Amino acid sequence: MKDAFGAPQSLLVLGGTSEIALATARRLIALRTRTVRLAGRPGPALEAAAAELRARGADVRTVGFDALDAESHETALGEIFAEGDIDMVLLAFGIAGDQGRDEEEPLAAVRVAQTNYTGAVSAGLVCAGALQAQGHGSLVVLSSVAGERVRRADFIYGSSQAGLDAFTQGLGDALHGTGVHVMVVRPGLVRPEPAPETVPAARAASPSPAPARGGVALLASARITAARSASARFASAPLEAPSLTTTPDAVAEAIVTGLRRRSETVWVPGSLRAVMSALRHVPRPLFRRLPL
């Protein structure tokens with residue numbers, strides 16, 4: 001159960017190497033979260049993440065989890081919930097893909113959609129059912145402002161985030177009144193931060209896919225023509241302004257605040273809410289011409 005300050009005592013992370021998820025876990029451990037389960041693909045990065053959180057005083061265990069293997073979700077996640085109640089589930093997995101390659105290779109685009117949307121639907125429903133059965137808990141889903149108004153520069157990734165966002169909102173409505181709190185988090189472009197000193201060097205040097213997951217702008221691949229690459233970089237520039245970008249730690253802080261307030265939607269930074277609200281109402285012919 002959550003403590004008197006609204007902080008969960010147990011946490012399950014789906015996407016255990018996500019920088020945003022790990023930043024959130026650090027904050028929650030500082031607020032007395034004591035049990036953490038990191039679910040992800042087995043490997044050195046997952047074990048290093050677990051070791052770092054153990055050093056902060058939490059009981060941490062890693063669990064094999066593959067977003068693309070939906071048939072395994074009910075069994076793998078069910079075993080975690082069978083060990084005891086989970087106060088918070090953080091769904092933090094996803095891939096950015098490569099827009100240029102994915103347009104040319106439909107199977108690559110399908111992998112983005114299956115990971116970011118289909119995998120999240122499967123895992124999200126399994127966890128929601130378990131939380132509802134125990135009668136309490138929060139399901140926090142990392143979405144992205146990229147899904148608010150899908151742009152030409154990243155419409156494959158953006159469409160997967162639009163689907164994930166809509167699914168999470170609908171799931172929250174379905175679970176209203178059951179004791180389960182559902183919160184969708186919409187970060188802007190997430191810039192990586194230097195790893196904490198307690199993180200082993202091997203992990204600190206390894207790239208993480210999580211920042212790209214929360215990002216609004218994606219760099220065009222080398223396979224796109226020079227003209228298209230230049231256009232994509234120009235289009236993304238306004239949304240990369242410092243006032244509209246964020247960091248893993250800032251997203252983590254917003255998540256913890258949202259949990260305390262039992263928010264349903266969290267924008268990071270908050271200024272993006274007004275920006276995206278305006279963009280949603282821009283006529284489509286004009287939107288195509290905007291440097292976004």
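**Exercise 1. Place R280 in the predicted model and classify its exposure.**

Solution. R280 is partly exposed, with a relative accessible area of 38%. The model examined here and in the exercises below is a predicted one. The class follows from the cut-offs, because buried means under 20% relative accessible area and exposed means over 50%, with partly exposed in between. As for position, R280 belongs to helix α11.

The next step is to find the partners of R280. With neighbours within four places in sequence set aside, R280 is in contact with E148, R149 and W267. One of these partners, E148, is 132 residues from R280 along the chain, yet the two C-alpha atoms are separated by 7.2 Å.

**Exercise 2. Describe the surroundings of G147 and decide whether G147 is buried or exposed.**

Solution. Begin with the location: G147 sits in the loop between β5 (137-142) and α6. Its relative accessible area is 14%, and G147 is therefore buried, given that the cut-off for this class is under 20%.

Then list the contacts. Not counting residues up to four places away in sequence, G147 touches G158, Q161 and A162. A distance can be added for S160: the C-alpha atoms of G147 and S160 are 7.2 Å apart in space, with the two positions 13 residues apart in sequence numbering.

**Exercise 3. Determine how α5 and α6 are arranged relative to each other, and which residues form their contact.**

Solution. Helix α5 covers residues 106-134 and helix α6 covers residues 155-175; they pack at an angle of about 15°, and their axes are 9 Å apart. Angles under 35 degrees count as roughly parallel, so α5 and α6 are roughly parallel to each other. Their crossing is right-handed.

The contact can now be read from both sides. Helix α5 contributes A109, V112, A113, N116, Y117, A120, V121, G124, L125, A128 and Q132, while α6 contributes I156, Y157, S160, Q161, G163, L164, F167, L171 and L175. Sorted by class, this contact holds 14 nonpolar and 6 polar residues, and no charged ones.

**Exercise 4. Repeat the analysis for α1 and α10.**

Solution. Helix α1 (residues 19-30) packs against helix α10 (residues 248-261) at an angle of about 55°, with the axes 8 Å apart. That angle makes α1 oblique to α10. The crossing of these two helices is right-handed.

On the α1 side, the contact is made by E19, I20, A23, T24, R27 and L28; on the α10 side, by P248, D249, V251, A252, E253, I255, V256 and L259. The division by class gives 9 nonpolar, 1 polar and 4 charged residues.

**Exercise 5. Examine the backbone at R32, R262 and P269, and state what is unusual there.**

Solution. The reference point is that most residues other than glycine have a negative phi, and most peptide bonds are trans.

R32 is not a glycine, yet its phi is positive, at about 90°. This residue lies in the loop between α1 and β2 (35-40). With a relative accessible area of 41%, R32 is partly exposed.

R262 likewise has a positive phi, of about 55°, without being a glycine. R262 is found in the loop between α10 and β7. Its relative accessibility of 46% places R262 among the partly exposed residues.

The third site concerns a peptide bond. V268 and P269 are joined by a cis peptide bond, for which omega is about -5°. P269 lies in the loop between β7 (265-268) and α11 (272-280).

**Exercise 6. Characterise A76, then set the single sites against the whole protein.**

Solution. A76 lies in helix α3 (residues 73-82). With a relative accessible area of 17%, A76 is buried. The C-alpha atoms of A76 and V63 are separated by 8.0 Å, and the two residues are 13 positions apart along the chain.

For the protein as a whole, the secondary structure comprises 12 helices and 7 strands. Of the 292 residues, 52% are buried. The protein exposes about 12,900 Å², of which carbon and sulfur atoms supply 56%. Among contacts with a separation of 6 or more, 77% are between residues 24 or more positions apart.

Notes
Residues numbered from 1 in each chain as written. Predicted model: local features only at pLDDT ≥ 70, side-chain atom pairs only at ≥ 80, totals over all residues. Heavy atoms only, no water. Axes fitted to C-alpha atoms, helices over the stretch in contact; angles between N-to-C directions. Helix = DSSP H or I, 4+ residues; strand = E, 2+ residues; numbered from the N terminus. Parallel < 35°, antiparallel > 145°, perpendicular 65-115°, else oblique. Left-handed = near helix turned anticlockwise from the far one by under 90°. Contact = heavy atoms within 4.5 Å. Nonpolar A, V, L, I, M, F, W, Y, C, P; charged D, E, K, R; others polar. Buried < 20%, exposed > 50% of the residue type's maximum accessible area, 1.4 Å probe, protein only. Areas by Shrake-Rupley, 256 points an atom, 1.4 Å probe, with all protein chains shown as cover.
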